[in-house]
Amino acid sequence: YSYKYVERRKNEICNKGRTKCISFPTDKIFDTEEKAVDFIDDYCGDKFYAGCAVKFYDYTNVKPTAKIIELRNKISENNKKKIEYIKQNSVKNQKAAYIGCRSCGSKLNKDKLRGESCPLCYSDLRSATVLNRINGFDKKKDELLSKIETEQIKQKKKAEIKWLVGYEYHC
C-alpha cells in the first residue's frame, strides 16, 4: 500500500481494539524485515498499547545471485559437517561403559543415557573441545548468513517495499 493510502486509513484504524493510534515514526526504509522488527520493538517497547508502522525491503521475490546461491550451498555443507561431527563425537560412541559428569561427579552408564547431557544436573557431557568445535560451526553459519544479508542489500532496487505494523491487542 502507498503511504497516502495508509494515512487515509489511519483514522479508521485509530481507537479500534486497544491500540489508540498507529504512528509513523520514520520515513526510513529498513534494509531487512529483522531491522524493522528491532526498530518497532525499541520504539514501542516502553509504550503501553502503542502502534507503529515502518517500511522495509522484502527480498523474497528477488532472484538470488550466483554468490548468494554459493553462500547458501556453503551453509548447507556446514550444517552437514556439523551434524556428522556431532554424531561422531557423541557420548554414546565413547569406549568406556561409564561416563563421568564434570559438574556433579556422577558416574553414568552410557547405554542408559538419552542425549548428551547429564540427567541429574543437565550439564553437557561432551568435552570442551567438542563443544568449542560445535560453536565454531555455528559462528561460521552466522558469518555466512551475514554475507547473504549483505549481498541481498546490494539488490535493493529489485526488492519490494512493504509495510510492517506493530500493533498490540488483548481480548
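Buried means under 20% relative accessible area, exposed means over 50%, and partly exposed covers what lies in between, using a 1.4 Å probe and protein chains only. The views below come from a predicted model, in which local features need pLDDT of at least 70 and side-chain atom pairs count only at pLDDT 80 or more, while totals for chains, interfaces and linings use all residues. Residues are numbered from 1 along each chain as its sequence is written, and side-chain values use heavy atoms, with hydrogens and water left out.

**Figure 1. The whole chain and its elements.** Let's start with the overall layout: the chain has four helices and six strands. Here helices (H or I, at least four residues) and strands (E, at least two) are DSSP runs, numbered from the N terminus. Reading from the N terminus on, the order is α-β-β-α-β-α-β-β-α-β. Of the 171 residues, 30% count as buried. The chain exposes about 12,100 Å², and carbon and sulfur atoms supply 50% of that area. Accessible areas come from the Shrake-Rupley method with a 1.4 Å probe, and for residues only the protein chains shown count as cover.

**Figure 2. S106 in its loop.** Look for S106 in the loop between β4 (98-100) and β5 (107-109). Is S106 buried or exposed? S106 counts as buried, because its relative accessibility is 15%. Contact means heavy atoms within 4.5 Å. Leaving aside neighbours within four places in sequence, S106 is in contact with I99, G100, C101 and L120.

**Figure 3. A53 in strand β3.** Residue A53 sits in strand β3 (residues 51-58). A53 counts as buried, because its relative accessibility is 2%. Which residues is A53 in contact with, leaving aside its neighbours within four places in sequence? They are I22, S23, F24, P25, W163, L164 and V165. You can also find V37, which is 16 residues from A53 along the chain, with 10.0 Å between the C-alpha atoms of the two. For the chain as a whole, residues 24 or more positions apart account for 65% of the contacts with a separation of 6 or more.

**Figure 4. Salt bridges involving helix α3.** A salt bridge is a side-chain nitrogen of Lys or Arg within 4 Å of a carboxyl oxygen of Asp or Glu. A search of the whole structure finds eight of them. One joins K74 to E70, with 3.5 Å between the closest N and O atoms. Both residues lie in helix α3 (residues 66-88), four residues apart, which is about one turn of the helix. K74 counts as partly exposed because its relative accessible area is 38%, and E70 is partly exposed too, at 42%. Another salt bridge brings together the side chains of D138 and K82, at 2.6 Å from N to O. This pair links distant parts of the chain, since D138 is in helix α4 (residues 128-153) and K82 is in helix α3, 56 residues apart. D138 is partly exposed, with a relative accessible area of 28%.

**Figure 5. The pair K154 and E151, and a salt-bridge network.** K154 and E151 form a salt bridge, their closest N and O atoms being 3.1 Å apart. Here is a nice contrast to look for: K154 counts as exposed at 61% relative accessibility, whereas E151 counts as buried at 13%. In addition, D31, K35, E149 and K156 are linked in a network of salt bridges.

**Figure 6. Patches of charge on the surface.** Patches are made of residues with over 30% relative accessible area and no salt bridge; like charges are joined within 9 Å, and nonpolar side chains (Val, Leu, Ile, Met, Phe, Trp, Tyr) within 5 Å. Lys and Arg count as positive and Asp and Glu as negative, while His and the chain ends are not counted. The place of a charge is taken as NZ of Lys, CZ of Arg, CG of Asp or CD of Glu. The negative patch gathers E33, E34, D38, D41 and D42. Among them, E34 lies in helix α2 (residues 33-44) and is exposed, with a relative accessible area of 52%. The positive patch gathers K67, K81, R133, K140 and K147. The elements giving two or more residues to the positive patch are α3 and α4, and α4 gives the most, with three residues. K147 lies in helix α4 and is partly exposed, at 47% relative accessible area.
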